[in-house]
Amino acid sequence: MSALKDLPISFPGLFGNWEFNPDPIALHIGHGIYWYGIILAFAMLMGLLLCMKQAKRFGLKEDHVLDMVLWGVPCCILGSRIYYVIFYLDLYRTPDGGLDWGRMIAIWDGGLAIYGTVIAGALLAFFYARHKKLKLGALTDLAVMGLLLGQIIGRWANFINREAFGGLTDLPWRMRLWTTPYQYIDVHPTFLYESLWNLIGLLLMLFVISKGRRFDGENTWFYFLWYGLGRAWVEGLRTDSLYLFDWTLMGQPIRVSQALSLVMAAVAAVMLFYHIYVKKCSAEGLLVNQLAKAEKTAEANPESLPESQGEIPDSAGISESPEEPEIEEDLSDGGEN
């Protein structure tokens, strides 16, 4: 089910006959400069600013954030596009069964998947942390805050495009879209559900989770738990899900994002339980606290201070012991639109 992009959007149960009819193209130049791209760029910028503002709380520097962004933006866009194309591969085939490479790279026509972004971002964070000798957990704890803010804003690009909506409903907050010039549908505004869910998650992360962190990686696992639960719920309402090829479970096609979200949330819950209740981690092991301790020691012995902020010998990674599962193995399980 798809909606026309040149007809109005309305919320009849909330605002009566008031309608909103945005043109998806902001500037008609070349292929067009779309509001979708403008909103995503703004979302990235806001995420970057938040990370730069919060960096010191995690024992990191603004330069670390800027370096990650320079590499992260192209890598994450590529990852999100590859993920989308893989699961919608039939859309990019030619009549003779070959692949239409031109359409595959036509990102301006839409087709990005947030889980592809997460997977690419996780891999980049792992290699960047190893290269810079940073704690992976501290780096990802900061990154997921910017990611959440980006997702909150970015979902409104789906609103402008009349996409990523849910099934039919008669709830008071239903969204009305037109499928033909003479026929409309009232649907769940799932873009709004996910945006609000992520907003609550970000507020919890900023004012509760981050302030009480007991180990580097706690924000990260909370993100996967919170987003996984919310996305599994929202995905069940959507009408444009990516499906796991032609595989079925109990006679029903498997929604990629819903299955991945549930697995991700389960893994995150286990990891949080392990670190908090089994390993009983304390805030003393946080990178930011280790650096603060090293700075105090340096007052008596200047040579004891690490060469650069954020570097901790023999402790790069989300875990603090060699036996503990490394985050890269679990993060690679998470990964949609």
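**Reading the calls in a predicted model**

Trainee: Why is Y184 called partly exposed?

Mentor: In this predicted model, Y184 has a relative accessible area of 40%, and since buried means under 20% and exposed means over 50%, that value lies in between, so Y184 is partly exposed.

Trainee: What makes the aromatic pair of W178 and Y184 edge-to-face?

Mentor: The ring centres of W178 and Y184 lie 5.3 Å apart, with 70° between the planes; a pair needs centres within 6.5 Å and, to be edge-to-face, planes over 60 degrees apart, so both conditions are met.

Trainee: Where do W178 and Y184 stand in the strands?

Mentor: W178 stands opposite Y184, which belongs to β6. Strand β5 (residues 175–180) and strand β6 (residues 183–187) run antiparallel and are joined by five bridges, and the two form a hairpin with two residues between them.

Trainee: How do you know that the charged end of R176 sits over the ring of Y184?

Mentor: The distance from the charged end of R176 to the centre of the Y184 ring is 3.9 Å, which is within the 6 Å that the rule allows.

Trainee: How many aromatic pairs does the structure hold, and why is the pair of F126 and F127 called edge-to-face?

Mentor: There are 17 aromatic pairs in the structure. The centres of the F126 and F127 rings are 5.0 Å apart and their planes meet at 65°, so this pair is edge-to-face. F126 has 16% relative accessibility, under the 20% limit, and therefore counts as buried, whereas F127, at 54%, is over 50% and therefore exposed.

Trainee: Which residues form one aromatic cluster?

Mentor: The cluster is made up of F11, F15, W18, F20, W156, F159 and F191.

Trainee: What makes R213 and D141 a salt bridge?

Mentor: Their closest N and O atoms are 2.8 Å apart, and the rule asks for a distance within 4 Å, so the pair qualifies. R213 is in the loop between α7 (190–209) and α8 (218–235), while D141 is in helix α6 (residues 136–160), and the pair links distant parts of the chain, 72 residues apart. Both R213 and D141 are buried. By this rule the structure has ten salt bridges.

Trainee: How do you know that R231 and E194 form a salt bridge, and why does the pair tie together separate parts of the sequence?

Mentor: The closest N and O atoms of R231 and E194 are 3.9 Å apart, a value within the 4 Å cut-off. R231 lies in helix α8 and E194 in helix α7, so the parts that they tie together are 37 residues apart in sequence. R231, at 0% relative accessible area, is buried, and E194, at 3%, counts as buried too.

Trainee: Why are R238 and E235 called buried?

Mentor: R238 has a relative accessible area of 3% and E235 has 0%; buried means under 20%, so both values fit. The side chains of R238 and E235 meet in a salt bridge, at 4.0 Å from N to O. Salt bridges with shared partners join R155, E194, R231, E235 and R238 into one network.

Trainee: What is the confidence of the prediction?

Mentor: The average pLDDT of the protein chain is 85, and 86% of the residues score at least 70. Over residues 313–336, however, pLDDT stays under 50.

Note on methods:
Residues numbered from 1 in each chain as written. Predicted model: local features only at pLDDT ≥ 70, side-chain atom pairs only at ≥ 80, totals over all residues. Heavy atoms only, no water. Phe/Tyr/Trp six-rings, centres within 6.5 Å; stacked < 30°, edge-to-face > 60°. Buried < 20%, exposed > 50% of the residue type's maximum accessible area, 1.4 Å probe, protein only. Lys NZ or Arg CZ within 6 Å of the ring centre and 35° of its normal. Pairing = 2+ DSSP bridges. Helix = DSSP H or I, 4+ residues; strand = E, 2+ residues; numbered from the N terminus. pLDDT = per-residue confidence, 0-100. Contact = heavy atoms within 4.5 Å.
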